[in-house]
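Me: I have a new structure open and would like a quick walk through it. Can we go over the basics and then a couple of residues?

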Amino acid sequence: MIEKHSRKIIESPLLDVRSHSRDLLLALSRAAQAIQQAHTAVDFYRAVGDAIKPLGGEVTLLMINEDRQSLSIAYTSYSPTLIRKAEKLTGLSLLEYRIPFSQDSVYGRAMDGGKTVFSDSTSEAIAEILPGILRSFTPLLVKMFKLQQGILAPLRAGDSALGLLKINGLFLNEDDVPAMESFAGQIAAGIQNVRLMQKLQDELTAHRLADELLNHNRSLLLALSRAFQTIQQAHTPEDIYCAVGDQIKSLGGEVTLLMVNDDRQSLTAAYTSFAPKLLRQIEKLTGSSVLGYRLVFSPDSIYGRNIAAGKAEYVHWVRDHVFEGLPKALRPLTDQFIKILKIEQGILAPLHVEGETLGLMLVSGLSLNEGDVPAMESFAGQIAAGVLNARLTQQMRNELSARKQAEEAVRQAENRFKALIEKASDGIVLVGLDGKIQYASPSARNMFDYDNQADILSNPLTFIHPDDLAIVLNAMNDLIHNPAYIPTLEYRYRYKDGSYHWVESTFSNLLAEPGVQAVVINFRDITERKRIEQALHESEKYYRALIENATDGILVLGMDGKIRYESPSVTRMLGYAPESLIGMSAFDLINPEDLVQIAGAFMEGLSTPGFIHRGEYRLLHHSGEWRCFEIVSHYLMEDPAIAGIIINGRDITERKLIEDALLDSEGKFHSVISESSDGIVLSDEAGHVIEFNNAIEQIIGLKREIVLGQFLWDLQFQIMPRELRTEENYAKLKDSIIKTLETGQSSFLHKMLDAPFQYADGSTRFVQQRVFSVRTEKGWRLGSISRDITDNKRGEEALRASEAKSKSLYQMLRLMTDNLPDLVWAKDMDGCYTFTNKAMIEKLLIAQDTEEPIGKNDLFLQKDNGPCILRFPIGILLARSAWIQKPAFIQISVRKDLKNSET
């Protein structure tokens, strides 16, 4: 019975261990299944937390940031109430806080080592991630979150560290490490899969948006094309308005046409495609008819500015336009009108033709965007031309319909056309069958400065430049044989002063017209235009030469991301054959890991006029190698000359390799500095402190995290003794350090100097310091090596005080003993004299003065004066001083002749 009971006692802990392991493995297995079914990061993280919390634990996922030097909390299973308490205590937003780590920190070792770690206490890990000023809260946070023990497992996918899995709970022990390490691997693989799925979804979304935009543009252009065809066939403005409205409504949009009145200060609503039912609601609110409504505008109003500019614009929110178009009494109803008509954004385009604005077109709906502005602006111009033609046609019909006024109308028309000819800026001449000029308009005579009738009526072929004569003769020959042929030629014509000017002439064969019987030539002087064209051509050659010989690679992309142009330097940088990249998607050249960032910038640039993006990305070389490039993208879709994205790229692969090597070197350098027993401070070229090791922290009592980033002169001024901290000394100190940073030269460099400073507790101490300068590519850096010599200084002061005291005693002893008749001397342990008085010299020793016996013994110095008595040693003194360097004794004795001695 006793044996059975003992066996139960032994087996009970084993059963608890097995039960714990079984529960843990079951929970992790459930989490692994949920992870595989997760489609989003949120589902993924929740599956991990739901598996751990039933066991009595809490889980936190820390993901590494792009800088590879900090972590962010992607998920934590702790309650929101507890998190808010911690945030209120620390003043930090835990889910947004970037957790810094170094290679030698708990987190850095876990990631770099790739090993799962069990910890009895997480206090050290918590203290590492908090700013220095908040580290005192570590015990409180450990208690709040119950962080007594836990497991820290790296999330690794292949050779890449994604972050850390942190699980806390009293149920954990070291035997759980293998299971948690395996679970962390499953989590890392799941995170990788979720990220790939998200990336694929983003790419599909981008393609879908591009297709939708393409379909939108195609539909819009087709509708505008159909409307234009209808406009050409229309005979009245009303027919044109209806054609425009039908096509816009077929796309799901609405259009309103406001025509400028004769006073040029008001507009009239000539047409709107909104449903009559909606118009009746508005008319009921306003008490007036929508069609025919007269909108008065000023030059500085929205409508006045648009008419004056003659350019279409995208309207993000039409409320201001509706508000300004209403009478003041009705403006409070603006929001009701917008709600009834269901309009938000649109395009406002002037109906501009031949230098005149006939009105405004407001198009809303259609999912319009800023890229549709050019098409709408062109369409508005077509509408204006059609309206103008319709008006002219209607005017002509009205004139013809009035038969009683037919002759007057003809006469007026003749006068009008004659006035046009007489006052036209273009020159007009009539050339007969004999080749001579029959008529030249005033502008033609003025243009060539001919005032002699004989010159005017002579053969015009004699004034044409010889090199251009053949072109004109061939055109005239074709014109004679084919009266329907109307050529327009550019050639040089001689002015009266003998110079040649470029002219553009249009020839019309009206020989068969009874009222004309001549070839009509309309021409204008285009010398200035030719000069501008030539200058433009030279400019294009110049900039093309710059682009083709530029060291940076240049690409031009369309809105679909496809390459439309590549400069010759791209071939040199990426190794592809010339122009082989044209038509290819630029995204195919980007490293997959960089696609998310550049795709986001691409979408932002398409919606932001003038957007500029800078970044560093890896591009695929023809050899298969990934090369690092510094990219600057200019989004110029609104520029009609570009209508795309200009990308400048520079290969920085070698520079990145050098930077990596430099970072590695600086890391080793920092380790050496950190372990140095001497205090070390190093600045950059601007004077900012970039190195401040542990030893200098101990010497001057300031923390490294507080000092880093300060200017050298501010640090020096801060530790300067309080009585020296004046504005004048600060200015001198700053000026001196700045000059040294500029030149690398100063009188205090490369010398060992002692200086006082004020410690953090207010006490004055001393430091021995050597300041040096270091030459870099950017200029000069300054550094210093320091050690605390306060104790040495104090020892030296004590020694100097002791020596002064000893010398004073020696002088007193000398004064006292030299006046004694007794013999007084001192010897060291070797029997050599260290002190004698005058009586010793005179009565016993062979010496000239009291200094001669010093360091000698009796064999060399004692006189032979007969027997003597040496008695009564007065005292023995062991001492060490500036004048007695070894232990010695001082003896005072009396020496007398035996003859005179009574005893």
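Reply: What follows covers the chain as a whole and then two loop residues; note that the model is predicted.

Me: What does the secondary structure of the chain come to?

Reply: The chain has 28 helices and 30 strands.

Me: How many residues are in the chain, and what share of them is buried?

Reply: There are 903 residues in the chain, and 39% of them are buried.

Me: And how much area does the chain expose?

Reply: About 52,800 Å² is exposed, with carbon and sulfur atoms supplying 55% of that area.

Me: What about contacts, which share joins residues at least 24 apart?

Reply: Counting contacts between residues at least 6 apart in sequence, 49% join residues at least 24 apart.

Me: On to single residues. Where does Arg-68 lie?

Reply: Arg-68 sits in the loop that runs between strand 1 (58–64) and strand 2 (70–76). Its phi is positive, about 60°, although Arg-68 is not a glycine.

Me: Why does Arg-68 count as partly exposed?

Reply: Because its relative accessibility is 44%, and partly exposed covers the range between under 20% and over 50%.

Me: Now Glu-354, where is its place?

Reply: Glu-354 is in the loop between strand 11 (346–353) and strand 12 (356–365).

Me: What is the phi of Glu-354?

Reply: Glu-354 has a positive phi of about 50°, and it is not a glycine.

Me: Is Glu-354 buried or exposed?

Reply: Glu-354 counts as exposed, because its relative accessibility is 73% and the cut-off for exposed is over 50%.

Conventions. Residues are numbered from 1 along each chain as its sequence is written. This is a predicted model: local features need pLDDT of at least 70, side-chain atom pairs count only at pLDDT 80 or more; totals for chains, interfaces and linings use all residues. Side-chain values use heavy atoms; hydrogens and water are left out. Helices (H or I, at least four residues) and strands (E, at least two) are DSSP runs, numbered from the N terminus. Buried means under 20% relative accessible area, exposed over 50%, partly exposed in between (1.4 Å probe, protein chains only). Contact means heavy atoms within 4.5 Å. Accessible areas come from the Shrake-Rupley method with a 1.4 Å probe; for residues, only the protein chains shown count as cover.
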